[in-house]
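Q: Please take a close look at one part of this model, the interface of chain A and chain B. Which residues and elements make it up, and what lies around it?

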Amino acid sequence: MNTLTTIHWQLACRVDDVPQDGGACVLLGGEQIAIYRFTRRDQWFATQNLCPHKQQMALSRGMIGSHGEACEPKVACPFHKKTFSLLTGECLSGEDYQLQTYPVKIKGDRVYIGISA
Amino acid sequence: MKYTAKPVVVVVGNGMVGHRFCTRLKAAGGFRIILFGEEPRPAYDRVHLSEYFNGKSAADLSLPMTGWFEDEEIALHLGDPIREIDRERQLVHSSKGLSIRYDYLILATGSSAFVPDLPGVEKEGVFVYRTIEDLEKIKAYAPRAMSGAVMGGGLLGLEAAKALLDLGIPQTHVIEFASRLMPRQIDSAGSHTLESSLKQLGLQLHLNKSTLAIEGRDRIESLQFADDSRLAVDMLVISAGIRPRDELARLAGLTVGTRGGILVNERLQTSDRHIYAIGECALVHGNIYGLVAPGYEMADVVVNNLTGGNKTFPGFDMSTKLKLIGQDVASFGEPFAAEPDCRTIVFEDRHKGVYKRINISPDGKYLLGGVLVGDASAYNILLQTVNNRLVLPPNPEDLILGSRGGAVEGAGVMSLPDEALICSCESVTKAAICSAVMEKEATTIDAMKKCTRAGTGCGGCIPLVKDLISSTLSANGQYVRNVVCEHFNHSRQELFDLVKLHNVRTYDEALTQWGKGDGCEVCKPVLASILASCWNETIVRQATIQDSNDRYLANIQKGGSYSVVPRIPGGEITPEKLIVLGKVAKKYNLYTKITGGQRIDLFGAHVGDLPAIWEELIEAGFESGHAYGKALRTVKSCVGSTWCRFGLHDSVSFAIGIEERYRGIRAPHKLKGGVSGCIRECAEAQSKDFGIIATEKGWNLYVCGNGGSKPQHAQLLAVDIDKETCIKYLDRFLMFYIRTADPLSRTATWLNKMDGGMSYLKNVVINDSLGMAAQWEQEMQALVDSYTCEWKEVVNNPELRKRFVHFVNAPRKKDPGLEFAELRGQVKAQEW
């Protein structure tokens, strides 16, 4: 897909900073971003760290998993277990919340987050 | 104004009904909608207004406006009431000076509180109960009031009384002119039952009281009644009924009723065909409908008419079910029908505070209506029976007594006709729900809400929706298995046995062997708990399958800070240790509170400070209290025979011994215990999962008690046993529970679901009827022997310590969003 926005890749942390099949939070340019290391699927995801339900900086501490037959990757907020798709940021618990998602790139032992300019 | 080809619909009033109208008309499309509201805030849920006093904020109550402002089809003017309608030129003039031409005008101005013309109503301390602003005023005034009264014992009046109780006003009175409470919904006998329940909750009721005057210098001091009596009160909330807001319509020359209300026909059209009135301001078929559901129906009728339909409003069923101050109250169909037009069946249980009345047709075939007080669990099915004219069973008393033959509850839902309205807020029929189950696989409440919107309004239909989902599934041959979640087609007990049998040690192994997909927030903690119960390897080794609290070994609190609870076995603590707790709390700026389990909870710790805090605590001899885990919390004790003149045995030493024996053991849910030194039961042991009470000859052991939302007394398992036997029985009991209970079910719930109940449990634990006793005792001993303190492991392991940071790329930086407020000289979490 062609897109007109350019993505700036920013160094976020080291691979081992993020626990296997779990998340961690990084601070990038004043933004709190949750990074998820989905070891079981060999995939990485990133979203905003703020859970939109009660405005808590908590998603990086949530449990990750999959939803439905399509195995959509998801995270559950530790506060009230609202779940969100890690692919689209859409709330999967039947409410109209939406998360910002970010692309993730791994180079060696470094994790980069793509911020669109 | 911008030229637009779309017809312009101006809506006056941004309450629940006006909001519903706009949402529905927006969805239909083809109109430009301009909404004027008097209140400064967006529309909010008035039905749940009283929840504002138990912690909900104005934002929680606000109604969603998803998609409203796309395509610029809706313009919203808040805090700008319409002051005049120019019908000739089809113009409205707003208070802020806007003039808008309309093609259709919708009046949804609602109602205001009716304030009787009493001397003194203008005094300070007199309020009405209608809007969030009213509630804010009441909340601000309440702290200086020692006593308060509500004028009006109707539905809203009792809601207001609940609000005063929630605000902590020590003396709350309800004053009602009629001879019974809720005169529009329930009969005298129902009112009597409700009165005794409310009195027990601390409300003081005054019926047959006609208020003459509100007395006091500048502020209210007392009420004077027609029977010459007086009542001294510091504040008064008037809730004596509603009056339709029809002043704008009057001014415009529209026809209004003699007792108020904008007169409309069955299409909700006023005397001007361009103007409609909906909700509580409309007078339709001679009635003002003061509930939200008929208002929603009116909104839908007008949307239908504006979009070319010809739907009419035939009147509305005023059946209602609500929870007032924790008491179920419901009335449906014709609650007051009397002989000879009907026959009445009444059930009354004064002990439990339950009253039920049903009115059936003289031929015994149909249900006409009824009243339920104290237990309205049958409401949905009774209402459906009336509305769908279902033929009654031969013993209609079963409807209120419950089938005494042991038939499955909810079995009756499938007999409802397809068109039966299940969710009246969103107009969802039984057929729509069943087809969502079958065709769209909406088999959970969440999925059903998303699919049909059923249950998203007042939520009252949710039990019925649940019944329909499971009945539809089983009617189609789908065995409803008690499985953990979508990833494991097994119950917790099956998984427990599999883990044990196959010696599985990690979540990933279990998922690969018996599950599918990548797991979720339900099955991960369930397996984490099973693995811990089986092998007792410290949970920090598989941190990311633990629920958040177990992952950080602390309890997450509002704002994302954590609380720290060191173990204080039996509630016994030395002065030296108390000083350490105080020093640590001061050093890390923690809020301290004594818990219900005789421990000290330290709140407001930053995630990054947790290892350092624990290092200091462990240094002083403390260990983890497992307050974050589904594990043994505390064994509460009274001081017992070491000091107390009544004490029979040393309850503190026994409590400490038991707490130290079972500390750290993971279970399906948390576990609490208690030991009392005599029958005075100061340790409240009978409200715990296990409770031990000293007797002359030894100890009595009680099990499966529960505090919480559904309190239940523990039941006697064994009498006059010695300490060793007591521990043996406890070992067996706990292992049986750990092995067989569903996830997150406390021992009380576990027992309630057990076939054979207490006598079965006694047989298993005392008579070893399953032949498991020796194995369980051995397994428990293995758990006891392998205990280690999780926090000690973290504190001594630099790799584990590294996990306790907020930002992994800035480990020393704390979450800048985490802020605290001040409360009585300590910190507290910011409101969310």
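A: What follows describes the interface first, then the cavities, and then two places in the backbone of chain B.

The model is a predicted one. The contact draws on 45 residues of chain A and 39 residues of chain B. Between them the two chains bury an area of about 3300 Å², and carbon and sulfur atoms give 48% of that area. On the side of chain A, the residues that lose the most area to chain B are Arg40(A), Arg61(A) and Met63(A). Together these three account for 26% of what that side buries.

Polar pairing across the interface comes next. Between chain A and chain B, 23 residue pairs are in polar contact, with both residues at pLDDT 80 or more. The elements of chain A that each give two or more residues to the side touching chain B are strand 1 (7-14), strand 2 (22-28), strand 3 (31-38), strand 6 (56-57), strand 7 (63-67) and strand 8 (72-76). Strand 2 of chain A supplies the largest share of that side, with seven residues. By residue class, the side of chain A that touches chain B has 18 nonpolar, 16 polar and 11 charged residues.

Side chains of opposite charge can pair when their charged atoms come close. Over all chains of the structure there are 47 salt bridges, and six salt bridges are found across the interface of chain A and chain B. One salt bridge joins Asp518(B) to Arg41(A), with 2.6 Å between the closest N and O atoms. This pair crosses between chains: Asp518(B) sits in the loop between helix 14 (507-514) and helix 15 (523-535) of chain B, while Arg41(A) sits in the loop between strand 3 and strand 4 (43-48) of chain A. Another salt bridge links the side chains of Lys81(A) and Asp547(B), at 2.8 Å from N to O.

The empty space can be described in the same manner. Rolling a probe the size of a water molecule over the atoms shows where empty space is left. The structure holds four cavities of 30 Å³ or more. The second largest cavity has residues of both chains in its lining: Pro19(A) from chain A, and Ala543(B), Arg551(B), Tyr552(B), Arg803(B) and Phe804(B) from chain B. Its space is about 40 Å³, and its lining divides into four nonpolar, no polar and two charged residues.

The largest cavity encloses about 100 Å³. Its lining consists of Ala532(B), Asn536(B), Glu537(B), Thr538(B), Ile539(B), Gly664(B), Arg666(B), Ser786(B), Tyr787(B), Thr788(B) and Glu790(B). Three of these lining residues are nonpolar, five are polar and three are charged.

Two backbone features of chain B complete the account. The peptide bond from Glu339(B) to Pro340(B) is cis, and its omega is near 10 degrees. Pro340(B) belongs to the loop between strand 22 (327-333) and strand 23 (343-349) of chain B. Arg389(B), a residue other than glycine, has a positive phi, near 45 degrees. Its place is in the loop between helix 8 (379-387) and helix 9 (398-401) of chain B.

Terms used
Residues are numbered from 1 along each chain as its sequence is written. Chains are lettered from A and ligands numbered from 1 in the order in which they are written. This is a predicted model: local features need pLDDT of at least 70, side-chain atom pairs count only at pLDDT 80 or more; totals for chains, interfaces and linings use all residues. Side-chain values use heavy atoms; hydrogens and water are left out. Contact means heavy atoms within 4.5 Å. Buried area is the accessible area (1.4 Å probe) that two parts lose on being put together, summed over both. A salt bridge is a side-chain nitrogen of Lys or Arg within 4 Å of a carboxyl oxygen of Asp or Glu. A polar contact is a pair of N or O atoms within 3.5 Å; within protein, one must be able to donate a hydrogen and the other to accept it, and residues adjacent in sequence count only if both atoms are side-chain atoms. Helices (H or I, at least four residues) and strands (E, at least two) are DSSP runs, numbered from the N terminus. Ala, Val, Leu, Ile, Met, Phe, Trp, Tyr, Cys and Pro count as nonpolar, Asp, Glu, Lys and Arg as charged, and the others, Gly among them, as polar. On a 1 Å grid over the protein atoms alone, a cavity is a set of points where a 1.4 Å probe fits but cannot get out, and a pocket is an open set with protein on both sides within 12 Å along at least five of seven lines; lining residues have an atom within 4 Å of a point. Grid points are joined across faces, edges and corners, and a volume is the space filled by probe spheres set on the points.
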